[in-house]
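Here are my notes on the model, set out point by point. Have a look at the structure first, then read on.

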Amino acid sequence: MAWNNRRGARGRNADHMRQDEKDEALLLMSASLMLMHLSLAHVDNNQPLPQHDGSFTDRQWVERLFYGHHRRSIDNMRITIDNFLQLSNILVERQYVPHNYQQRVPIQEALAMTLMLVSHKHTHRVLGTIFDRSIETINRNIRKVLRGPCLFAAEIIRPGDQTAVHSRIANSTNFYPWFKDAVGAMDGTHILACPPTVEQMAYTNRHGFQSQNVLVVCDHDMRFIYVYAGWEGSAHDARVLESALVYPSDFSLPQPDK
């Protein structure tokens, strides 16, 4: 019986300890709510809270890409720092993108937000948070920069020398002489698209999502030498090729012996 009494006493003591812990937790919670209420009492609800506080500016974000780890630029923009600077200089020097040194958004920042958009499908709201800019500023600069690469593409996406046999073919026993007259490879690919509601059915491909059926040709160096975009995702590859060959066309047909 004495053992049972001691056991019962220990159980009652444990119950009291648990009750004391609950009371202490409730007391701390009440104190926190009271302090929070006092701090909120000094907040003027009539004054809007600024969305872009400038705590981490756009220039600082771009500088982190320039002077940070080399993988940071590739992970965010799918381009190295050297190629990024070279591309920005080409867009400005050849006047593909209008730029002056007094505008608020420099070309490096506008190009960085554009490359992030096309690399990761970020929305303008997400980019506005990253660069601490308004959605209107993000939209205006991306539209301005996107025109530049489209003009620059006409210079870099073009066929090369088709008379000589490429070194990758000539120096390979697996490819030569069977591919000595091949100048490139052609295939179609589906690029995600956001068409208007009335055209979503036409842009829905056989995989069930909206896209553009894009015809591309690349050479032996894996460089694009021809791109034909614009067809709906539901269009067949043969129909896209037929449209690319219709006169007048900029499709560069190989020489008769190629």
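1. Let me start with D132, which comes right after α6 and has a positive phi, near 55°. Helices here are DSSP runs of H or I with at least four residues, strands are E runs of at least two, and both are numbered from the N terminus.

2. A word on the basis: this is a predicted model, with local features needing pLDDT of at least 70, side-chain atom pairs counting only at pLDDT 80 or more, and totals for chains, interfaces and linings using all residues. Residues are numbered from 1 along each chain as its sequence is written, and side-chain values use heavy atoms, leaving out hydrogens and water.

3. Back to α6, where the buried residues (under 20% relative accessible area, 1.4 Å probe, protein chains only) are L127, G128 and F131. They sit on the same side of α6, because they cover an arc of only 105° around the axis, taking the directions from the helix axis to the C-beta atoms. R125 and T129 are exposed (over 50% on that scale) and lie on the face turned away from the buried side of α6.

4. Two of those α6 residues turn up again in the largest nonpolar core: of its 26 residues, W61, M77, F84, L111, L127 and F131 touch the most other members. Such a core is a set of buried Ala, Val, Leu, Ile, Met, Phe, Trp, Tyr and Cys residues joined through side-chain atoms within 4.5 Å. At least two residues each come from α2 (58–67), α4 (81–93), α5 (107–120), α6 (124–131) and α7 (135–156), and α5 gives the largest share, with 8. Another core, of 9 residues, lies apart from it and includes L215, V217, I225 and A235.

5. N213 deserves a look too. It belongs to strand β2 (residues 211–218) and counts as buried because its relative accessibility is 1%. Its side chain reaches the backbone oxygen of A235 at 2.9 Å, and a polar contact, also of 2.9 Å, joins the side chains of N213 and D237. (For a polar contact, read a pair of N or O atoms within 3.5 Å; within protein, one must be able to donate a hydrogen and the other to accept it, and residues adjacent in sequence count only if both atoms are side-chain atoms.) Leaving aside neighbours within four places in sequence, N213 has contacts (heavy atoms within 4.5 Å) with residues including H190, W231 and V240.

6. Finally, the overall picture: the protein has 10 helices and 3 strands, and 24% of its 258 residues count as buried.
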